[in-house]
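This report describes the ligand site of one protein model and then turns to its aromatic pairs and backbone geometry. Please examine the sequence and the structure before reading on.

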Amino acid sequence: MPINVFVPKFHTEEILSEIRECLDKGWTGMGFKTIEFENKWKEYTGLPFAHFLNSNTSGLHLAVHQLKMQNNWNEGDEIITTPITFVSTNHVILYERLKPVFADVDQYLCLDPDDVVRKITPKTRAVMYVGIGGNTGQYGRIIEICKKHKLKLILDAAHMAGTKFCGKHIGHEADVSVFSYQAVKNLPSADSGMICFNDEESDKLVRQLSWMGISKDTYQRFNKNEGSYKWRYDVPNLGFKYHGNSVVASIALVQLKYLDEDNLYRNLLADNYINLLQKTPNLKIVSIAPDCVSSRHLFQVLVPNRDNVIQTLYDHQIYPGVHYLDNTDYIMYHYAKGTCPQAEYYSEHLLSLPLHLNLTETDQQQIVEVLFNAIK
Ligand SMILES: *Cc1c(COP(=O)(O)O)cnc(C)c1O
């Protein structure tokens, strides 16, 4: 049996009964289950606002778009971001004709606060922070830097469903945090995400922008005879079609019930790996920051001859991943090549070992044995 890096696990019967409710009611779109899931997410995280979207990528785009709009940023203004991430994180900055300025990463694979400070210019408006694998890295210092330099903090929390920072669910400290419920994330739906602003006004605006910029309020304010004009709305903004739907929310609702249990199992697997890997020479484990309880989306190690090691694992039907290649190696971001030496090093050495809910300790022993022989 091949061992894959990710295998999502779904509670099929429970999910089908939630979806059946949508079909019986004749309500598969926005509203109904999307609102129920938003409320459950707020309850779970303690975050004051949450708006359900069709992906994390849409959410990150909305976050940048909306902050640009609310704070009158200009084209060419800069957002400091990380080269070790999925390209969504950086593409959304370009969607808004802002400039991704890359800062280097630290031993946690998250933004290095010292390099972030070095990369601040008069045009810097925000920091885009990614908690790689569920790790918070030196997030506390990033928060301080953003306060001191009056920068907005956008958190790409795609890996962080269930991550706790200083005892609380992640997300409270950022101006906006965006979660992913994509098919292989810790809370897998099919494709969806959540955008969480910390103030009501922003939450209201993002709801409008995620549905074509349509506002019912604007019309109602000018029309006292509201009852007979329910069909009427105005469009004050150029919005997007980014909101989520009730069928996908049904999946997410059920998966959320098991998130803590699932993340606990992931942490158990991670601890097993740490024990099993003790004797493997020339291998370094990426550690979790001390003030973080990680969702453990990933278990990452650094190995020499990474590409050869991957080939050997493949030969044994073990399929690891790499999270991520240095984004400044991509044509789109080549202008920044050479600005992040640590990221370049990690990009050549990182390996994500299989980590999912069907993985067993026996699988792990087998993986570590093959890995040991591949490296030594
Ligand atoms: C998965 C992922 C995204 C994109 O999430 P989608 O929900 O697929 O749009 C963004 N950033 C990171 C770090 C991711 O891993």
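Sorted by class, the shell around the ligand consists of 4 nonpolar, 10 polar and 2 charged residues. The model is a predicted one.

**Ligand site**

There are 16 residues around the ligand, and those that come nearest are Thr 57, Asp 156, His 159, Ser 180 and Lys 185. Two of these, Asp 156 and His 159, place a polar side-chain atom at a short listed distance from the ligand, and Tyr 324 does so with an N or O atom of its side chain. The table gives the three contacts.

| Residue | Ligand atom | Distance |
|---|---|---|
| Asp 156 | nitrogen | 2.8 Å |
| His 159 | oxygen | 2.7 Å |
| Tyr 324 | oxygen | 2.9 Å |

How much of the ligand does the protein bury? Taken alone, the ligand exposes 380 Å², and 92% of that is buried by the protein. The space that the ligand takes is the second largest pocket. Two elements, α3 (56-70) and α4 (88-95), are those that give two or more residues to the shell around the ligand.

**Backbone at Tyr 324 and Phe 32**

Tyr 324, whose side chain has an N or O atom 2.9 Å from a ligand oxygen atom, also takes part in a cis peptide bond. This bond runs from His 323 to Tyr 324, and its omega is near 5°. Tyr 324 is placed in the loop between β14 (318-319) and α12 (341-349).

A second backbone feature concerns Phe 32, which lies in the loop between α1 (12-25) and α2. Its phi is near 55°, a positive value in a residue other than glycine. As a general rule, most residues other than glycine have a negative phi, and most peptide bonds are trans.

**Aromatic pairs**

The structure contains 17 aromatic pairs. Why is the pair of Phe 37 and Phe 52 edge-to-face? The ring centres of Phe 37 and Phe 52 are 5.4 Å apart and the planes stand at 85°, so the pair is classed as edge-to-face, the cut-off for that class being over 60 degrees. Phe 37 belongs to helix α2 (residues 33-45) and Phe 52 to strand β2 (residues 51-53), so the pair ties together parts that are 15 residues apart in sequence.

Definitions and conventions
Residues numbered from 1 in each chain as written. Predicted model: local features only at pLDDT ≥ 70, side-chain atom pairs only at ≥ 80, totals over all residues. Heavy atoms only, no water. Near = heavy atom within 4 Å. Polar contact = N/O pair within 3.5 Å; in protein donor to acceptor, adjacent residues only side chain to side chain. Areas by Shrake-Rupley, 256 points an atom, 1.4 Å probe, with all protein chains shown as cover. 1 Å grid on protein atoms, 1.4 Å probe; cavity = no way out; pocket = protein on both sides within 12 Å on 5 of 7 lines; lining within 4 Å. Sits in = over half its atoms within 2 Å of the grid points. Helix = DSSP H or I, 4+ residues; strand = E, 2+ residues; numbered from the N terminus. Nonpolar A, V, L, I, M, F, W, Y, C, P; charged D, E, K, R; others polar. Phe/Tyr/Trp six-rings, centres within 6.5 Å; stacked < 30°, edge-to-face > 60°.
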